[in-house]
Each structure stands twice: as C-alpha cells, then as structure tokens.
Amino acid sequence: MIQHLDSSTFRPLFEKEIKIRSLQFLKSIRKITKQNWIVLSITDRDTNNDGKLDDDDIESLYASFIDGKNMVKLTPELHELLDWKVLAVNKRLYFRTIEDSDRNGKFDKQDFIHHFYYQLDKLDQEVKEYFPIY
C-alpha cells in the first residue's frame, strides 16, 4: 500500500499479490532529472508452482515514480534478474537477466544472459536490449 504524506487514504501499489525483495530510491537521478524514481526487485508470480511467493521464484525488476505512478516491469517474463546498476551520467538503468532458454526449469550454463537498459529521463520509453562485445 502507498500513501501520500498529505492524505489519510492508502492505495495499492499493485493489484495482485507480490513480494518486494528490495526497493531503492535513485537519488543520483533525482539530482539530474528532478524526478523521484524508485527501483524495486519483486517476485510477482509463483514460477515454481509451490503455491507461495518466495525467494525460490523468479525475481523481476520494476521502476516507477516514488508515488507508484508510471510503474513499469523492466524484465521480460520468465527472465531472472541477475543485477542492475544506474549510470547517472546518461540517466540509464542497466540490468542483466538470465533466460531459461532450454526450458528445463533451471538456470544453468546452457541458458542465455541478456543485457538491457532503460532511459530514466524520458517517460514511456521501451526497455532496450543491447549486445556488449567481450
């Protein structure tokens, strides 16, 4: 639930049950864009079908304004979030996922790592995948 400081009413951040694993306010982005972004790592579905949302389910990445508006799921469905980082200099949120590409229900060496970024200074942008050269 989320509540504005000047209000006594609450509203749900999500319409369905979720488990928030972490939440971080992007102070460096606020200094540049004057927008109050938060990044949340969330379990939003029971991917292992055990009847509960827990750390054994896939972790997804979301971003929104601090008031919950403009909430966007950044990770593709059935991709496990590996890590993420904000670079204030270009106002981007970079993250990596792993996809269960062989569909065996496990994340292993045969699965693909994906690299993405999300532009934090422009609303309604799409998540963009990129392919770094190693």
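Visitor: How far apart are the mean positions of the positive and negative charges of the protein chain?
Guide: This is a predicted model, in which local features need pLDDT of at least 70, side-chain atom pairs count only at pLDDT 80 or more, and totals for chains, interfaces and linings use all residues. Residues are numbered from 1 along each chain as its sequence is written, and side-chain values use heavy atoms, without hydrogens and water. Lys and Arg count as positive, Asp and Glu as negative, with His and the chain ends not counted; each charge is placed at NZ of Lys, CZ of Arg, CG of Asp or CD of Glu. For the 21 positive and 24 negative charges, the distance between the mean positions is 9 Å.

Visitor: Which strand gives the most to the largest nonpolar core?
Guide: Such a core joins buried (under 20% relative accessible area, 1.4 Å probe, protein chains only) Ala, Val, Leu, Ile, Met, Phe, Trp, Tyr and Cys residues through side-chain atoms within 4.5 Å. The largest has 15 residues, with Leu26, Trp37, Leu61, Leu74, Leu93 and Leu120 having the most contacts inside it. At least two residues each come from β2 (37-43), β3 (60-65), β5 (79-87), β6 (92-99) and β7 (112-119), strands being DSSP runs (E, at least two residues) numbered from the N terminus. The top contributor, with three residues, is β3.

Visitor: How many residues are in the second, separate core?
Guide: Its members include Phe14, Ile38, Leu40 and Ile42. The number of residues in this second core is five.

Visitor: What percentage of the residues of the protein chain count as buried?
Guide: The protein chain has 134 residues. Of these, the buried share is 34%.

Conventions. Buried means under 20% relative accessible area, exposed over 50%, partly exposed in between (1.4 Å probe, protein chains only). Helices (H or I, at least four residues) and strands (E, at least two) are DSSP runs, numbered from the N terminus.
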